[in-house]
Amino acid sequence: MRRKLLLSSVSMMVLMIGTTTLPRVVHAQEAGGETATGDDAPVMTLSTSSSETTDGEAGDGKKAAEMVVISERDKAGLLEQQPSDLLFGIDKPLLETARSATFVSDDTLDAYGVTTVNDLAAVSPGTFTASFYGVEGALNVRGLLAETYFHGFKRIENRGTYQTPLGSTSRVDILRGPPTANFGPGKVGGSMNLEPKTAKISEEAGYLTDVTGEVSGTFGSYDKKNGSFQAGIPMSFGNTDGGLYVYGEIEDSGSFYNGITPEHQLLQTTGDFDMNNGWSFKVGGMFYHSDGYVQTPGWNRLTQDLIDNGTYTTGRNTSVTDANGNGYLDYGELPAGGLTSYPQCFGFCDADPTARTLDTGVGTTKLDPKNVYISDRDFSETYTVTLFGDLVHEYSDGSKLRFQLFFDSLGNERFVSYGFPADYEAYTGEGRLSYTGSFAPDLAFVPFTLDYNVGVSNRYYSATKKESFNYGGIALDRRDISVGATPNDTLGSPFDAGSGYGWDSNVESSWNDAGIYAMLDSDLGGAIDITLTGRYDWYAAETIDRGTLCYCTPGHQYNDDGKFTYSAMAMVPLPYGFRPYVTYAKTAAIEFGQAGDVAPGNLANGSWLSDGDLTEAGIKLEAFDGILTGSFAAYRQHRTIYDTVSGSVDKTEGKGIELEMRYLATDNLSFTFAGNAQQTKILGSYNAFYYFRPSDFAGTPYADVATNYGGSLAAYSFSDMAGVTGNSYYSGEIEDRRIPEIVASLFATYTTDKYSWGQLGATAGVRYVSETAGLSANPIHYPDYYLVQASAYADFYDWKVQLNVNNLFDEEYFTPLQDLYGDVAALPGKGREWRVTATYRF
């Protein structure tokens with residue numbers, strides 16, 4: 001099977017590379033859309049030197065003409081239009097930076113139908129994201145959870161709390177590896193930065209000169225309804241030029257999954273102004289509210305027959321009843337000891353066997369992928385407020401002094417009817433002062449330039465996290481999904497007055513990070529580019545858990561420590577547009593929970609700060625004057641994963657290769673390929689709290705389905721299963737098979753020439769995902785699959801109408817959960833979905 005998967009991926013790569021090896025003669029288009037002819041038409045040629053800069057007016061004219069040609073061809077917004085020092089801290093193009101990253105413009109998001117973070121796997125390698133209860137909040141990068149940034153600042157944690165909006169962004173930056181030093185400390189693996197829309201076109205083009213905007217309406221399958229409005233407004237006063245950009249969005253939709261009806265409202269504004277005396281400033285804010293993005297584990301009672309054939313085991317337990325008839329089980333109505341058994345206790349901490357036995361309707365049935373674990377009592381409501389401000393002074397020598405402020409807040413209340421309530425309140429504020437510049441010392445023996453970025457920052461974080469899961473009532477398999485939610489498989493919560501439930505965990509946590517950093521980028525005569533970064537952070541954290549059943553370190557806890565992190569990168573420009581590079585980085589980061597909180601036990605035992613490292617080598621390509629671009633990277637990384645239930649911090653090792661290609665084949669046709677092969681291992685023993693299926697206990701009394709599906713089976717530590725089952729697999733390193741080894745996508749975009757009335761266009765592609773599985777010794781296996789998606793649009797006069805179809809051939813597939821339920825639940829993939837968007841521009 002693995003050989004088949006590898007061959008499938010390799011064949012797709014060969015197909016893509018094969019179509020990109022033919023250089024073409026391309027002519028620039030004039031503003032009117034007709035092809036330029038004659039000797040003045042620039043011709044795309046294969047670059048034979050590492051330098052693309054030509055002295056003199058002729059060279060400048062050729063380069064400018066080439067940029068016009070590339071811009072005319074890049075109708076899907078695939079290429080980086082302008083270098084930015086935001087992501088890398090140094091003002092240099094992505095293809096000249098010794099890091100693995102992908103920039104995705106709003107044009108590409110639109111053409112490829114990307115509306116959620118999970119869709120980004122179509123345009124960026126290494127970004128497949130396992131299910132976090134069906135809510136597409138955070139991105140996975142290189143097999144592990146990535147951090148989310150907004151305008152270069154880290155946001156509040158969002159692990160399935162709400163669906164991260166992408167419609168208000170002008171660009172999504174996906175960085176594989178650690179964050180850059182100017183962003184602050186963070187884990188190796190990856191990060192995603194969202195850049196808001198603005199009235200500034202570019203550094204060269206300046207600001208909008210006329211009011212411009214659009215109104216869009218979307219409707220589609222499963223009662224899809226979305227409306228958006230955006231407008232750019234030029235604003236000049238005195239010597240100041242600039243503009244205001246406003247974006248608003250409303251969603252009120254149904255879902256492929258029965259019982260889930262997401263809705264949200266978003267309002268974002270940015271103001272960007274140049275005072276024309278060296279000073280400029282930018283301010284912005286985003287308000288977001290969502291309701292209905294409820295969490296669902298998907299399908300429970302997993303068997304291989306269920307995945308392969310849809311055959312579901314039915315049956316209910318009726319011994320535990322809703323005695324007072326309020327529609328759910330009060331805390332006092334739960335059996336003594338709850339519903340969770342811990343086989344590592346060898347019978348001494350088992351739930352009542354009567355309570356966990358299926359006694360009614362035991363049998364089998366076929367399950368529809370639309371029917372998932374849900375009830376009318378499930379809810380999740382979120383509020384976020386995000387603010388930022390930049391004040392910049394540019395000196396006559398081109399150096400810049402920046403003072404930046406950032407604020408982000410989160411409020412979320414949620415409940416999942418198997419018995420998990422949560423209430424999160426968190427906010428963070430950060431200030432950053434930096435100075436960037438460059439100089440070129442007069443060295444007779446070799447040309448030399450040095451760019452630098454030095455700065456200081458301070459970040460404060462406060463979080464209150466309330467959760468309940470220690471009381472032993474959570475039992476995913478108890479509900480018969482074919483029947484639906486009933487009072488005796490629906491639990492109450494602290495949100496229900498008089499239900500008897502309290503907050504098992506009530507963490508009040510705050511931490512501060514004061515840092516100083518320096519980044520140096522040196523170009524030695526065009527022969528080699530070396531980048532060195534270093535950062536020192538002083539952390540101080542305090543926390544207390546006031547929960548009623550927290551099993552935690554009691555009392556107020558405080559700890560502080562300092563960490564130095566660094567990276568070293570080198571890139572060598574070679575003929576024909578090849579740029580090989582190497583990168584090494586050491587990182588440090590705080591271990592925090594779903595609300596950004598630090599656990600008392602981790603502060604007490606010193607495991608609240610963790611280290612990581614990355615070794616990466618790759619090559620970037622920019623051929624035919626930018627018509628063909630791409631990158632290849634091979635990496636090995638070490639980082640930790642934190643279990644919010646047990647507080648364990650486990651080490652992982654990830655290895656992989658990534659390939660990304662973008663090819664502007666003609667004036668009308670472009671191709672992209674994004675693919676990766678990876679493996680992530682949990683090193684040593686895995687000490688996280690974990691749930692298991694009855695079949696994981698073959699040969700023991702816990703293996704019988706009928707006498708265990710009414711409750712749940714769990715281990716305080718995954719490695720405890722070695723003692724229960726006698727299988728040494730559980731006590732050694734394990735591969736995280738919930739993330740596929742191979743993910744690849746191939747897309748093509750065709751756009752007609754512009755006519756007097758407008759133009760037409762279409763995008764189609766296929767995404768391949770290899771087999772996945774759970775973590776246990778004999779896990780459920782989820783087959784590999786191909787997803788085909790397509791879109792087409794008609795752009796005429798002031799209107800644009802676009803049709804998007806996801807999962808065109810209605811492929812059946814499954815995504816495993818990525819945390820402690822990874823072996824007992826999986827989310828069926830969404831079937832065919834379509835949507836039509838009509839946009840009026842003004």
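Two strands pair here if DSSP finds at least two bridges between them. The model is predicted, and the values below are computed from it.

**Sheet**

By that criterion, five strands form an open sheet in the order S1-S6-S7-S4-S5, and the pairing is mixed. The edges of this sheet are strand S1 (100-105) and strand S5 (153-154), each of which pairs on one side only. Strand S4, which covers residues 147-150, runs antiparallel to S5, and two bridges connect S4 and S5. Across this pairing, Tyr149 stands opposite Lys154 in S5.

**Disulfides**

Two disulfides are present in the structure. When the bonded cysteines of the protein chain are numbered in sequence order, the pairing reads 1-2, 3-4. The table lists each bond with its sulfur separation and torsion.

| Disulfide | S to S | Torsion about the S-S bond |
|---|---|---|
| Cys345 to Cys349 | 2.1 Å | about 100° |
| Cys550 to Cys552 | 2.0 Å | about -55° |

The handedness follows from the torsion. For Cys345 and Cys349 the torsion is about 100°, so this disulfide is right-handed. For Cys550 and Cys552 the torsion is about -55°, so this disulfide is left-handed.

**Accessibility of Cys550 and Cys552**

Which class does each cysteine of the left-handed disulfide fall into, buried or partly exposed? The cut-off for buried is under 20% relative accessible area. Cys550 has a relative accessible area of 19% and is therefore buried. Cys552 has a relative accessibility of 26%, so Cys552 counts as partly exposed.

Conventions. Residues are numbered from 1 along each chain as its sequence is written. This is a predicted model: local features need pLDDT of at least 70, side-chain atom pairs count only at pLDDT 80 or more; totals for chains, interfaces and linings use all residues. Side-chain values use heavy atoms; hydrogens and water are left out. Helices (H or I, at least four residues) and strands (E, at least two) are DSSP runs, numbered from the N terminus. A disulfide is a pair of cysteine sulfur atoms within 2.5 Å. Buried means under 20% relative accessible area, exposed over 50%, partly exposed in between (1.4 Å probe, protein chains only).
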